[in-house]
Amino acid sequence: MKMFLKKNKAKAILFLGVLYVTFCFVLSFQNKILKSIFYDKSWVHRVNSIEKMKLVANNFTGIEIDVVFNENEGFFDVNHPPVKSIHLPLKTLISNDNNNLKYWIDFKNLSLSNSEASLNRLEEITNLLKINKNRFIIESRNPEYLKIFSEKGYVTSYYLPSNLTENKQLLNIVKTKNKNYKTTFISSDLKQYKTITNNFPNEKILTWLYSYKQELSFNPLKVFKKSKSFYQKYRVLSNKKISVILFSLKTKADR
């Protein structure tokens, strides 16, 4: 009887050990699992070089690109100020796309003075490269200037201020602006997830930022944190209001 109990105890310990190791592997590489489940929603943050685009293109459905419209020269400069510009035109970047990616264009300086010129330039790019307009999401903090992009068939998003949770007056201003200047989406940092989902119940949402960094760990404390992270990510990704989530993915092409 004692021998039987010892054998079963050993089997139980072995089983629990194997189960824990498996659990650690799943949690350590949770982003790959989540991406496979929510592939269409999982895009890459700040793909501002040809090198990075080529590194991520095969594994994701879309990328976010930061642009500043150069009014003097009439082109979209791929850049996220205050980072120094490398003078990479948007047209050059996306002409290197062989994977039919979707593009989230974070338009940093859309204004009244450049709205028509930038739209015309984007029209030239899509026509020249024969790209369907619904592959673009044009995002701006100034939704009043996105209307002409919507009218031409582009998907648009109102980039909400980052301090809505602490500023109810600003939140009310944004609600009014969102009502008056309708866009396809609203976009905001995940830190405001609860505020955004509660205050904009009928809007489709773009959000960010989860790190895609993955490392194997068997540390119980880290495993606990990873399990909490997995639950949070799954809850957000499975929310039907959330259309896209940007993952931060550092590569050798980052600058």
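What handedness does the β-α-β unit made by strand 4, helix 5 and strand 5 have? Strand 4, helix 5 (residues 115-129) and strand 5 form a right-handed unit. A crossover is called right-handed if, with the strands pointing away from the viewer, the path from the first strand over the helix to the second runs clockwise. Helices (H or I, at least four residues) and strands (E, at least two) are DSSP runs, numbered from the N terminus.

A word on the model comes next. The structure is a predicted model, in which local features need pLDDT of at least 70 and side-chain atom pairs count only at pLDDT 80 or more, while totals for chains, interfaces and linings use all residues. Residues are numbered from 1 along each chain as its sequence is written, and side-chain values use heavy atoms, with hydrogens and water left out.

As for the overall picture, the protein chain holds nine helices and nine strands. Its C-alpha trace spans about 85 × 45 × 30 Å along the principal axes. Of the 255 residues, 45% count as buried, where buried means under 20% relative accessible area, exposed means over 50%, and partly exposed is in between (1.4 Å probe, protein chains only). About 14400 Å² of the protein chain is exposed, with carbon and sulfur atoms supplying 55% of that area; accessible areas come from the Shrake-Rupley method with a 1.4 Å probe, and for residues only the protein chains shown count as cover. Contacts (heavy atoms within 4.5 Å) often reach a long way along the sequence: among those between residues at least 6 apart, 66% join residues at least 24 apart.

Back to strand 4 (residues 102-107), which is mostly covered, with five of its six residues buried. Two strands are taken to pair if DSSP finds at least two bridges between them. Strand 4 pairs with strand 2 (residues 62-70) in the parallel sense, over six bridges, and Tyr 103 of strand 4 is the bridge partner of Ile 63. Strand 4 also runs parallel to strand 5 (residues 136-140), to which four bridges join it. There, Trp 104 stands opposite Ile 137 of strand 5.

Salt bridges come next, each defined as a side-chain nitrogen of Lys or Arg within 4 Å of a carboxyl oxygen of Asp or Glu. The whole structure has eight of them. One joins Asp 66 to Arg 46, with 3.7 Å between the closest N and O atoms. Asp 66 sits in strand 2 and Arg 46 in the loop between strand 1 (42-44) and helix 3 (50-56), so this pair ties together parts that are 20 residues apart in sequence. Asp 66 counts as buried because its relative accessibility is 1%, whereas Arg 46, at 31%, is partly exposed. Asp 66 also forms a salt bridge with Lys 108, where the closest N and O atoms are 3.9 Å apart. This pair links distant parts of the chain, since Lys 108 lies in the loop between strand 4 and helix 5 while Asp 66 is in strand 2, 42 residues apart. Lys 108 is partly exposed, at 32% relative accessibility.

Helix 5 has a salt bridge between Glu 124 and Arg 121, whose closest N and O atoms are 2.8 Å apart. The two are three residues apart in the helix, so about one helical turn separates them. Both ends are partly exposed: Glu 124 has 46% relative accessibility and Arg 121 has 21%. Elsewhere, salt bridges that share partners bring Arg 46, Asp 66, Asp 106 and Lys 108 into one network.

Toward the start of the chain, Gln 30 belongs to helix 2 (residues 30-37). With 4% relative accessibility, Gln 30 counts as buried. Leaving out residues up to four places away in sequence, Gln 30 touches Gln 214, Lys 226, Ser 229, Phe 230 and Lys 233. From Gln 30 to Ser 229 the C-alpha distance is 9.1 Å, although 199 residues separate them in sequence.

Finally, Tyr 20, Val 21, Phe 25, Leu 216 and Phe 218 make a nonpolar surface patch of about 410 Å². Patches are built from residues with over 30% relative accessible area and no salt bridge, joining like charges within 9 Å and nonpolar side chains (Val, Leu, Ile, Met, Phe, Trp, Tyr) within 5 Å. Phe 25, one of the patch residues, lies in helix 1 (residues 2-28) and counts as partly exposed at 40% relative accessibility.
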